[in-house]
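Visitor: I'm new to reading protein models, and I'd like to know what the labels really rest on. Could you take me through this one?

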Amino acid sequence: MNPMMDMIDRGLSEETRMMRQACRAFVDDFVIPFNRDHWQREWIMKPEDRLPRSILEQAHKVGIRTLGVPEEFGGTPIDPASEVQTFAVVSEEVARGDAGLADKLVQIWKVSVLLRNLAPRHLQEIWFPRIAEDPGFLMSHCLTEPRGASDRWLPYNVPEAAMQTKAVIKGDKWVINGRKQFITNGYDASLYVVYANTKPGVGMLQGTSCFLVPRDTPGLVVMRCNETMGGRYNNNAEIVFEDCAVPKDHLLVENTAMGKAAVYFRPGKIIQGSKNLGVGMAAFERTADYVQNYVQGGRILIKHQAVALRLADMATKLCAVRSLLREAARAVDESAADADQLCSMAKVFASEEVLKVCQHAVELHGGNGVMLDFGIEKLFRDAACFLHMDATVDISRFKIVKAMFPDTAGVYAGPEQ
């Protein structure tokens with residue numbers, strides 16, 4: 001029995017509650033047993049051999065892989081009025097099973113929302129059916145570069161902060177050259193959304209375009225899979241574009257792509273925070289079970305005052321994270337004026353508080369907490385990665401202040417204007 005289940009379900013529509021229950025069953029029946037029985041697999045150095053396709057196939061069967069894909073093309077239907085709230089609930093449940101698996105799946109949702117809003121109809125007709133039909137079809141959003149990440153999030157809108165990756169028109173094609181780093185699903189995606197500078201000499205907001213690039217396009221080279229400390233079932237990669245030519249009609253947005261990408265970034269931060277929460281919930285659930293069954297000093301652990309205090313602290317932090325995430329998700333669904341501010345707040349708060357929850361979990365498990373085959377240290381590693389995903393926590397704080405006090409907040413990069 002989960003003592004926090006009432007709060008988890010409170011305020012959810014019947015449709016969202018049923019979707020959460022289906023996802024929880026998938027995690028309990030397939031994901032958690034897989035991780036328990038095959039804990040060594042995340043350390044395999046051949047990325048394609050880590051997570052078996054059967055896990056993605058099962059996620060496909062229960063309908064959680066194709067959230068965000070329009071129903072007319074085979075996607076899982078969601079009430080548009082609460083889409084982001086649904087994303088939050090489902091991503092939490094998937095991450096409760098495995099953060100890397102959640103990274104794989106939610107990228108499909110986020111890129112699908114982007115394509116739904118920005119891609120021309122003929123491209124939607126080509127790609128959405130393929131996404132919906134193939135359980136192994138993954139997507140990737142290529143923004144971050146080796147020489148620029150955080151300044152893109154502020155954004156510091158000057159030419160010096162422009163994309164190093166460039167695209168130029170040659171005949172009937174756009175030709176892309178450059179390098180992207182830390183790209184979620186980059187190693188094994190079938191379709192990429194790529195951002196590039198198409199108007200040198202102007203600010204990033206006026207000179208960045210985005211393109212749809214299929215995996216088999218000549219000149220798209222996956223250089224390496226980044227070996228991360230956590231979330232290892234998400235094969236994060238470095239990608240190089242060498243005279244990578246795509247048809248003119250694969251341009252999604254010309255020059256103003258960064259501004260239009262809010263449809264990706266806003267739900268993305270809610271999903272990011274919800275993945276954090278899912279990892280924290282896994283840590284709490286396993287720890288609550290452990291301290292009520294493990295005996296130390298002649299009594300079960302929960303009867304020791306120090307243990308009780310930590311368990312209460314874990315529960316309180318998770319409840320606070322969920323409350324802020326719910327508020328932020330509603331703001332995005334309602335297109336509220338403070339949505340960006342709340343998204344950044346939720347991202348920062350979830351990143352830091354869930355890491356503390358996982359630290360408590362490790363310590364309350366004693367020596368078992370740092371054993372690879374026990375599964376608790378994995379949660380701590382996964383949680384640590386969230387501090388640097390979808391903007392660092394410090395950059396997110398700058399964005400919060402700039403959203404609240406746009407006329408007086410600092411530039412935080414380069415000279416004051």
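Visitor: How much space lies in the largest cavity?

Guide: About 100 Å³. Keep in mind that this is a predicted model.

Visitor: What makes that a cavity and not a pocket?

Guide: The test is whether a 1.4 Å probe that fits inside can get out. In a cavity the probe cannot get out, whereas a pocket is an open set of points. The search of the whole structure turned up two cavities of 30 Å³ or more.

Visitor: Which residues line the largest cavity?

Guide: Among them are Leu12, Gln85, Glu92, Ser274, Arg322 and Ala329. Helix 4, helix 10 and helix 11 (305–333) each bring at least two residues to that lining. Sorted by class, the lining has six nonpolar, two polar and three charged residues.

Visitor: And what is the volume of the second largest cavity?

Guide: About 30 Å³. Its lining is made of Leu115, Ala119, Leu123, Gln124, Trp127, Phe128 and Leu212. Helix 6 (residues 121–133) gives the largest share, four residues.

Visitor: How many charged residues does the lining of the second largest cavity have?

Guide: None: six of its residues are nonpolar and one is polar. Glutamine is not on the nonpolar list and not on the charged one, so Gln124 counts as polar.

Visitor: On to the pockets, then. What volume does the largest pocket have?

Guide: About 790 Å³. It is lined by 34 residues, and the closest to its centre are Phe182, Asn236, His388, Met389 and Asp390. Helix 5 (99–118) gives the most to this lining, with five residues. By class, the lining has 14 nonpolar, 14 polar and six charged residues.

Visitor: What about the second largest pocket, and which residues lie nearest its centre?

Guide: Those are Ile32, Glu285, Arg286, Asp289 and Ile376, out of 35 lining residues. Two or more lining residues come from each of helix 2 (14–37), helix 4 (83–97), helix 10 and helix 13. The volume of this second pocket is about 660 Å³, and its lining has 17 nonpolar, seven polar and 11 charged residues.

Visitor: You mentioned helix 13. Why is it called largely enclosed?

Guide: Count its buried residues: nine of the 10 in helix 13 are buried, so the rest of the structure largely encloses it. Buried means under 20% relative accessible area. The buried ones include Ile376, Glu377, Lys378, Leu379 and Cys385. They pack against helix 2, helix 5, helix 10 and helix 12 (339–364).

Visitor: Is phenylalanine 182 buried or exposed?

Guide: Exposed. The cut-off is over 50%, and phenylalanine 182 has 54% relative accessibility, so it passes. This residue lies in strand 3.

Visitor: What else is there to say about the phi of phenylalanine 182?

Guide: Its phi is positive, about 60°, although the residue is not a glycine. Aspartate 243, in strand 7, also has a positive phi, near 50°. Its relative accessibility is 51%, so aspartate 243 counts as exposed too.

Visitor: Why is alanine 403 called partly exposed?

Guide: Its relative accessible area is 39%. Buried needs under 20% and exposed needs over 50%, and partly exposed is what lies in between, so alanine 403 gets the middle label. You'll find alanine 403 in helix 14 (residues 393–404). In sequence it is 63 residues from aspartate 340, yet the two are 7.5 Å apart in space, C-alpha to C-alpha.

Visitor: How many residues does the largest nonpolar core have?

Guide: It has 102, and those with the most contacts inside it include Leu101, Trp109 and Tyr195. Helix 10 supplies the largest share of this core, 13 residues. Apart from it lies another core of 17 residues, including Cys142 and Leu220.

Visitor: What does tryptophan 109 touch?

Guide: Leaving out residues up to four places away in sequence, its partners include Ile64, Arg65, Phe87, Val90 and Ile271.

Visitor: Last one: where is the predictor's confidence lowest?

Guide: In helix 7, with a mean pLDDT of 64, while strand 7 (residues 237–247) has the highest, at 98. Across the protein the average is 92, and 96% of the residues score at least 70.

Terms used. Residues numbered from 1 in each chain as written. Predicted model: local features only at pLDDT ≥ 70, side-chain atom pairs only at ≥ 80, totals over all residues. Heavy atoms only, no water. 1 Å grid on protein atoms, 1.4 Å probe; cavity = no way out; pocket = protein on both sides within 12 Å on 5 of 7 lines; lining within 4 Å. Points joined across faces, edges and corners; volume = space filled by probe spheres on them. Core = buried A, V, L, I, M, F, W, Y, C linked by side-chain atoms within 4.5 Å. Buried < 20%, exposed > 50% of the residue type's maximum accessible area, 1.4 Å probe, protein only. Contact = heavy atoms within 4.5 Å. pLDDT = per-residue confidence, 0-100.
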